[in-house]
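Trainee: Could we go through this structure together? I would like to ask about single residues and then about the whole chain.

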Amino acid sequence: LKELDLSKNMVAFEGCKWIGEALKDNRSLEDLNLKHNSIGERGCRLLSEALMTNKSLKELNIGKNSIS
């Protein structure tokens, strides 16, 4: 799996926990679209922690997610 589009899927903080854990071990996903969800700042923090170890992701779209 190289691309995953989860835009407009009501992904919130809880979903970011699962996505973050998956990203830590994933070695094939290159493009993740999380646009138009409700991940918020706490969800962004979880995703950013996961990205510290993920080396495959090249694009991450988190637009329209109530992030200031």
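Trainee: Where does His36 lie?
Mentor: His36 lies in the loop between β2, residues 31-33, and α2, residues 40-51. Helices (H or I, at least four residues) and strands (E, at least two) are DSSP runs, numbered from the N terminus. Please keep in mind that this is a predicted model, in which local features need pLDDT of at least 70 and side-chain atom pairs count only at pLDDT 80 or more, while totals for chains, interfaces and linings use all residues. Residues are numbered from 1 along each chain as its sequence is written, and side-chain values use heavy atoms, with hydrogens and water left out.

Trainee: And what is the phi of His36?
Mentor: The phi of His36 is positive, at about 60°, although the residue is not a glycine. His36 is also partly exposed, as its relative accessible area is 37%. For that wording, buried means under 20% relative accessible area, exposed over 50%, and partly exposed in between, with a 1.4 Å probe and protein chains only.

Trainee: Which other residue should I look at for a positive phi?
Mentor: Ser66, which is not a glycine either, has a positive phi near 55°. Ser66 sits in the segment after β3, residues 59-61, and with a relative accessibility of 67% it counts as exposed.

Trainee: What about Asn65, is it buried or exposed?
Mentor: Asn65 is found in the segment after β3, and at 2% relative accessibility it counts as buried.

Trainee: Which residues does Asn65 touch, leaving aside neighbours within four places in sequence?
Mentor: With those neighbours left aside, Asn65 is in contact (heavy atoms within 4.5 Å) with Leu34, Lys35, His36, Asn37, Ser38, Ile39 and Gly40. You will recognise His36 in that list. In addition, a polar atom of the Asn65 side chain lies 3.3 Å from the backbone nitrogen of Ile39. That pair is a polar contact, meaning N or O atoms within 3.5 Å, where within protein one must be able to donate a hydrogen and the other to accept it, and where residues adjacent in sequence count only if both atoms are side-chain atoms.

Trainee: Moving on, where is Asn54?
Mentor: Asn54 is found in the loop between α2 and β3, and it counts as buried at 7% relative accessibility. Its side chain reaches two backbone atoms, and it may help to take them one by one: the backbone oxygen of Leu23 is reached at 2.8 Å, and the backbone nitrogen of Leu57 is reached at 2.8 Å. Apart from neighbours within four places in sequence, Asn54 is in contact with Leu23 and Asn26.

Trainee: Which residues does Lys8 touch, not counting those up to four places away in sequence?
Mentor: Lys8 touches Lys35, His36 and Asn37 by that count. Lys8 is found in the loop between β1, residues 3-5, and α1, and at 63% relative accessibility it counts as exposed. If you follow the chain from Lys8 to Asp25, which is 17 residues away, you will find their C-alpha atoms separated by 25 Å.

Trainee: How far apart in space are Lys2 and Leu29, C-alpha to C-alpha?
Mentor: Lys2 and Leu29 are 27 residues apart along the chain, and their C-alpha atoms are separated by 4.2 Å. Lys2 is found in the segment before β1, and, with neighbours within four places left aside, its contacts are Ser28, Leu29, Glu30 and Asp31.

Trainee: Zooming out, how many helices and strands are there?
Mentor: The protein chain has two helices and three strands, and along the sequence they follow the pattern β-α-β-α-β. The chain is as compact as a globular protein of 68 residues, because its radius of gyration is 11 Å, close to the 11 Å from the globule rule. That radius is taken over C-alpha atoms, and the rule is 2.2 Å times the number of residues to the power 0.38.

Trainee: How much of the chain counts as buried?
Mentor: Of the 68 residues, 31% count as buried. Among contacts with a separation of 6 or more, 86% come from residues 24 or more positions apart. The C-alpha atoms, finally, fill a box of roughly 30 × 20 × 20 Å, taken along the principal axes.
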